[in-house]
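Colleague: I should like to go through this structure step by step. Could we begin with a single residue and then move outward?

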Amino acid sequence: AAEAPKLSNRIATGRYKPRHPAELKVLRNPANQEAITEPPTIKAIIEQFIWGKAAPPRPKTGDYLPTHPRGYPWEQGDRDGFPGVLLPAIGRAWLHHKVGDQHLFTECMRELKNKKAPGPDGVTNEVLKALPPSGRRALHGLMQLMWATACTPDLLKPTQTVLAHKKESLLELGNYRRLGLEKTLLKLWTKLIAKAMADHAEKSGMLSCTQAGFRAKRGTEYQLEMLTMALEDARLTQQDIYLLMIDFSEAFD
């Protein structure tokens, strides 16, 4: 249970459904609803389906270019919980220091989860965590060089997309969830960048007090308690309160 809490929860609540190893050996053709068993045809249908889900390319408007004034909230003074932090105009020493922090890099290595599917290169998280101290220092040095040069090697960027059955019929392609398997080194690299930037954002007061997602010591339990208190207060004082809940479908497409 400690190694796989989500799986244990599904088993305990009766929601566990075993995976079928031969899920994609038979697929229904969306065009004529016929069952397809030929691997090349199945591959072509899957490729067409995934490309159809991808968002079309959009021209750059200039709104997000460095030369365009953005008006960030923390540059506008104390408004909506932002204290108005002045960032250094030249250089990124504040992030260079965090990326080069050996303790932060060790923390990122330790947080890599075991028994995760590897990316296209087949290197697992366990392989990185088993590196000797000299190997870890070399890897950390490489990532510091990547940060200093603002260059992520193209060799780390390719990912592998797999389909995992999500619900209902195994023959319907829409019932599968697309999972992108990244290379282990890329996941470690992005984790290091995210932690360095998150730490700087916390210390600089860039985040509003109402922002809770992906922040330390701001768990779901606290947010649920605050929501419950707001609803109870509205009920006791006989005031209207409006709650908006959004479940984005295909949010990342």
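**From one residue to the whole chain**

Modeller: Certainly; please bear in mind that this is a predicted model. Leaving aside neighbours within four places in sequence, histidine 140 is in contact with Val99, Gly100, Asp101, Gln102 and Phe105.

Colleague: Does histidine 140 count as buried or exposed?

Modeller: A residue counts as buried when its relative accessible area is under 20%. The relative accessibility of histidine 140, which lies in helix 6, is 2%. Because this value is under the cut-off, histidine 140 counts as buried.

Colleague: Which helix gives the most residues to the largest nonpolar core?

Modeller: The largest nonpolar core has 19 residues, and those with the most contacts inside it are Phe105, Met143, Leu188, Trp189 and Leu192. At least two residues each come from helix 3 (93-99), helix 4 (102-111), helix 6 (133-149) and helix 7 (184-204). With six residues, the helix that gives the most to this core is helix 7.

Colleague: Which residues does leucine 192 touch?

Modeller: Leucine 192 is among the residues with the most contacts inside the largest core. If residues up to four places away in sequence are not counted, leucine 192 touches Val99, Leu104, Phe105, Cys108 and Met143.

Colleague: How many residues are in the other core, which lies apart from this one?

Modeller: That other core includes Ile36, Leu163, Leu173 and Tyr176. The number of its residues is eight.

Colleague: At what angle do the axes of helix 6 and helix 7 cross?

Modeller: Two packed helices are described by the distance between their axes and the angle between them. The axes of helix 6 and helix 7 come within 11 Å, and the crossing is right-handed. The angle is roughly 65 degrees.

Colleague: How many residues of the contact of helix 6 with helix 7 are nonpolar?

Modeller: Helix 6 contributes Leu139, Met143, Met146 and Trp147, while helix 7 contributes Leu185, Leu188, Trp189, Leu192 and Ile193. The contact has no polar and no charged residues. The number of nonpolar residues is nine.

Colleague: How many helices and strands does the chain have?

Modeller: From the N terminus on, the elements run α-β-β-α-α-α-α-α-β-β-α-α. The chain thus has eight helices and four strands.

Colleague: What percentage of the residues of the chain count as buried?

Modeller: The chain has 253 residues and exposes about 19,000 Å², of which carbon and sulfur atoms supply 58%. The percentage of residues that count as buried is 20%.

Note on methods. Residues are numbered from 1 along each chain as its sequence is written. This is a predicted model: local features need pLDDT of at least 70, side-chain atom pairs count only at pLDDT 80 or more; totals for chains, interfaces and linings use all residues. Side-chain values use heavy atoms; hydrogens and water are left out. A nonpolar core is a set of buried Ala, Val, Leu, Ile, Met, Phe, Trp, Tyr and Cys residues joined through side-chain atoms within 4.5 Å. Buried means under 20% relative accessible area, exposed over 50%, partly exposed in between (1.4 Å probe, protein chains only). Contact means heavy atoms within 4.5 Å. Accessible areas come from the Shrake-Rupley method with a 1.4 Å probe; for residues, only the protein chains shown count as cover. Axes are lines fitted to C-alpha atoms, for helices over the stretch in contact, and angles run from 0 to 180 degrees between N-to-C directions. A crossing is left-handed if the near helix is turned anticlockwise from the far one by less than a right angle, and right-handed if clockwise. Ala, Val, Leu, Ile, Met, Phe, Trp, Tyr, Cys and Pro count as nonpolar, Asp, Glu, Lys and Arg as charged, and the others, Gly among them, as polar.
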